[in-house]
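This report is meant for someone meeting the structure for the first time. Please look over the sequence and the model shown here before reading on.

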Amino acid sequence: AMRGLFDSLHDEACELLLFLKNVRTVKAFVRREAGAEPELLFQAERSTAPGTRNEGAIANYISGRGGGGTASVDAFYERLEKADVRQLPLEAMRLTVHLRHGPASPRGDEVREEDWLVCSALGRGARRICEMCLKPEGRRLKLMPWGGTAARLSVSKRPSSTADAGEAAVATESAGSTPIAGRAYCFLPLPSATGLPVHSNGYFELSANRRDIWHGDDMVGVGQL
């Protein structure tokens, strides 16, 4: 059972990092026996392309960093109410995610590299959506006009020795040859297929077990109607 959990985490490791704001690396270790040192099974690490602009712009706007504001919910709505929707923050980043295998992995020394284009916006140009969030009901539900998409551009695989030497990948696939099954995210992936060829991130209300977008009668907290 534990091996199955690790396999599931391995298969999604690259895509776990796409919309997270502070986490850049995920590592999995195994301990073969009591008292033994943990051994690295695999690790996924995300990096942005050189010259990337506006990374963190949305989180900074919400928290009030850089503009002398505060991080309270009321302060955020005040900033949103006064803002020109044409000037609200957006982010467009090209990300590279490396999945490397450690000594404990049965997969050898293969390195998987995925290139992604991730775009996010906080109500940019969406006046009606912002107005909906600013209504009393929207504020009570803590609605936020934050959404984004991620498109995979390419996938490559190579031995770790080749990757360390900076040589060409052994095999490279374009996004068109390996289409993804688009899923919904609330910063982490949800088990909800969208039918789109991209992943979609949103500030969704989640079910009580935080495993899906709410669509029934199990909502909890201020979102419960």
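Are W146 and F187 buried or exposed? W146 is buried, and F187 is buried as well. The model in which they are seen is a predicted one, and the sections that follow move from the chain as a whole to its rings, helices, strands and cysteines.

## The chain as a whole

The protein chain has 225 residues, of which 38% count as buried, and its secondary structure comes to six helices and nine strands. About 12900 Å² of the protein chain is exposed, with carbon and sulfur atoms supplying 53% of that area.

Contacts across the sequence can also be summarised for the chain: among those with a separation of 6 or more, 58% are between residues 24 or more positions apart.

## Aromatic pairs

A pair of aromatic rings is described by the distance of the centres and the angle of the planes. Five aromatic pairs are found in the structure. One of them is formed by F76 and Y77, a tilted pair with 5.4 Å from centre to centre and 50° between the planes; both F76 and Y77 are buried. In another pair, the ring centres of W146 and F187 are 5.0 Å apart and the planes stand at 75°, so this pair is edge-to-face. The pair of W146 and F187 links distant parts of the chain, since W146 belongs to strand 5 (residues 146-159) while F187 lies in the loop between strand 7 (183-186) and strand 8 (188-193), 41 residues apart.

Ring pairs also join Y61, F76 and Y77 into a cluster. The ring of Y61 has a further partner in R79, whose charged end sits over that ring at 6.0 Å from its centre.

## Helix 3 and helix 1

Two members of the ring cluster, F76 and Y77, reappear among the buried residues of helix 3 (residues 73-82), where A75, F76, Y77, R79 and L80 are buried. The cover over the buried residues of helix 3 includes helix 2 (57-63), strand 4 (110-122), helix 4 (127-134) and helix 5 (136-140).

In helix 1 (residues 2-16) the residue to look at is F6, which has a relative accessibility of 17% and therefore counts as buried, the limit being under 20%. Apart from its neighbours within four places in sequence, F6 is in contact with A28, F29, V30, L41 and F42. For one of these, V30, which is 24 residues from F6 along the chain, the separation of the C-alpha atoms is 9.5 Å.

## Strands 7, 8 and 9

Strand 7 is covered on both faces, with R183 and Y185 buried on one side and A184 and C186 buried on the other. Strand 7 and strand 8 run antiparallel and are joined by three bridges, and within this pairing R183 has A193 of strand 8 as its bridge partner. The hairpin that these two strands make has one residue between the strands, and in this hairpin F187 takes a positive phi near 75°; F187 is also the residue whose ring pairs with that of W146.

Strand 8 also holds S192, which is buried with a relative accessible area of 15%. Leaving aside neighbours within four places in sequence, S192 is in contact with G182, R183, A184, D212 and I213.

Strand 7 is also joined to strand 9 (residues 199-202), in this case by two bridges and with the strands running parallel; here A184 has S200 of strand 9 as its bridge partner. Strand 9, like strand 7, is covered on both faces, H199 and N201 being buried on one side and S200 and G202 on the other. Strand 9 is further joined to strand 5 by four bridges, and these two strands run antiparallel, with G148 standing opposite N201 of strand 9.

## Cysteines

How many disulfides does the count come to? The count comes to zero disulfides. C133 is accordingly in no disulfide, and the nearest cysteine sulfur to it, that of C130, is 6.3 Å away, whereas a disulfide would need the two sulfur atoms within 2.5 Å.

C133 is buried, with a relative accessible area of 2%. C186, already met in strand 7, is buried too, with a relative accessible area of 16%.

How values were computed. Residues numbered from 1 in each chain as written. Predicted model: local features only at pLDDT ≥ 70, side-chain atom pairs only at ≥ 80, totals over all residues. Heavy atoms only, no water. Phe/Tyr/Trp six-rings, centres within 6.5 Å; stacked < 30°, edge-to-face > 60°. Buried < 20%, exposed > 50% of the residue type's maximum accessible area, 1.4 Å probe, protein only. Lys NZ or Arg CZ within 6 Å of the ring centre and 35° of its normal. Pairing = 2+ DSSP bridges. Contact = heavy atoms within 4.5 Å. Areas by Shrake-Rupley, 256 points an atom, 1.4 Å probe, with all protein chains shown as cover.
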